[in-house]
Amino acid sequence: MQNQINLRWQQIPSPIVSEILCQGNHDGVVLDMEHGFMNVETLVSCIQVIQLAAKKCFVRLSTATVDKIRLCLDNGADGIIFATVESVARAEKLIKRSNFPAHGGTRGLGLVRQNMWGQKPLMSNTPILIAQIETAKAIDAIEELSKCCFDYFMIGPYDLSCSLGKPGDFNSSEYIDSISRFCSSIPEFRRAVHIPTDVQKQKKKYSNFGVIASGMDTVYLLEKSLEGEK
């Protein structure tokens, strides 16, 4: 198996939080634009801070329009996590929007932060693309989706369990069966998961996954703030 990528998860719109989350031996940080609160300026500042700390920066998008993909990649994000990928048609559209024509895509080329405004090679990297598998519909389509050119496929435990009618129940037969179906179609090195809470206990279940994103800045704060009440 390839080396596992370990990430932290950020919702709070602050470069200072990004800087804190960059401490440690993990590989990078995910900036959550689906459930987070970042505006454009804050997003760009957070990307800069994460990369200056020599960490990888991923952005999670819910509505992956051409403009949003361009914003993330032009400003240097190493990759994008696309929420709720359920069909091959949408998957192919997202992949095309994220790649330059030389790589089969439709992404426009400019002098931007990614290439240091022309001081680096204009197509200085190929983004890491991750599809989130977080509904029963996506699990039903997983065999076909696995043939799409994503680097990783990420389980979203809470959304998937909710879609199955068992919100937060990761021991239900429905959830366990869905994970089994996922693993039968996706090889170990292309599997990914986000574990928001109870990280140490849940992490053991996904030890053979290629990417593990663990915790959330908001959850860290909440758990620590409640410690004093026990």
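## Two loop residues with positive phi

Met116 sits in the loop that runs between α4 (88-98) and β5 (128-133). Keep in mind as you look around that this is a predicted model. Although Met116 is a residue other than glycine, its phi is positive, near 50 degrees. Its relative accessibility is 30%, so Met116 counts as partly exposed.

Ala54 belongs to another loop, the one between α2 (40-52) and β3 (56-61). Ala54 is not a glycine either, yet its phi is positive at about 65 degrees. With a relative accessibility of 70%, Ala54 counts as exposed, because the cut-off for that class is over 50%.

## An enclosed strand

Now turn to strand β2 (residues 28-32), where five of the five residues are buried, so the strand is largely enclosed by the rest of the structure. Both of its faces are covered. Gly28, Val30 and Asp32 are buried on one side, while Val29 and Leu31 are buried on the other.

The partner to look for is strand β1 (residues 5-10), which runs parallel to β2 and is joined to it by four bridges. To find the pairing on your screen, start from Leu7, which stands opposite Gly28 of β2.

## The nonpolar cores

Leu31 of β2 turns up again here. The largest nonpolar core has 48 residues, and the members that touch the most others are Leu31, Phe82, Ile133, Phe150 and Phe182. A second core, separate from this one, has 15 residues, including Ile5, Ile128, Ile130 and Val219. In soluble globular proteins, nonpolar side chains tend to be buried together.

Ile133 is a good place to zoom in. Beyond its neighbours within four places in sequence, Ile133 is in contact with Val85, Ala138, Ile139, Ile142 and Leu145. Its contacts also include Phe153, Met154, Ile155, Gly156 and Phe182.

## A small cavity count

How many cavities of 30 Å³ or more are there? The count comes to one, and the largest cavity has a volume of about 40 Å³.

Its lining is made up of Pro157, Phe170, His194, Ile195, Pro196, Thr197, Gln202 and Tyr206. By class, five of the lining residues are nonpolar, three are polar and none is charged.

## Ser180 on helix α8

Finally, have a look at Ser180, a residue of helix α8 (residues 173-185). Ser180 has a relative accessible area of 45%, so it is partly exposed. Ser180 and Leu122 are 58 residues apart in sequence, and their C-alpha atoms are 42 Å apart in space.

How values were computed:
Residues numbered from 1 in each chain as written. Predicted model: local features only at pLDDT ≥ 70, side-chain atom pairs only at ≥ 80, totals over all residues. Heavy atoms only, no water. Core = buried A, V, L, I, M, F, W, Y, C linked by side-chain atoms within 4.5 Å. Buried < 20%, exposed > 50% of the residue type's maximum accessible area, 1.4 Å probe, protein only. Contact = heavy atoms within 4.5 Å. 1 Å grid on protein atoms, 1.4 Å probe; cavity = no way out; pocket = protein on both sides within 12 Å on 5 of 7 lines; lining within 4 Å. Points joined across faces, edges and corners; volume = space filled by probe spheres on them. Nonpolar A, V, L, I, M, F, W, Y, C, P; charged D, E, K, R; others polar. Pairing = 2+ DSSP bridges.
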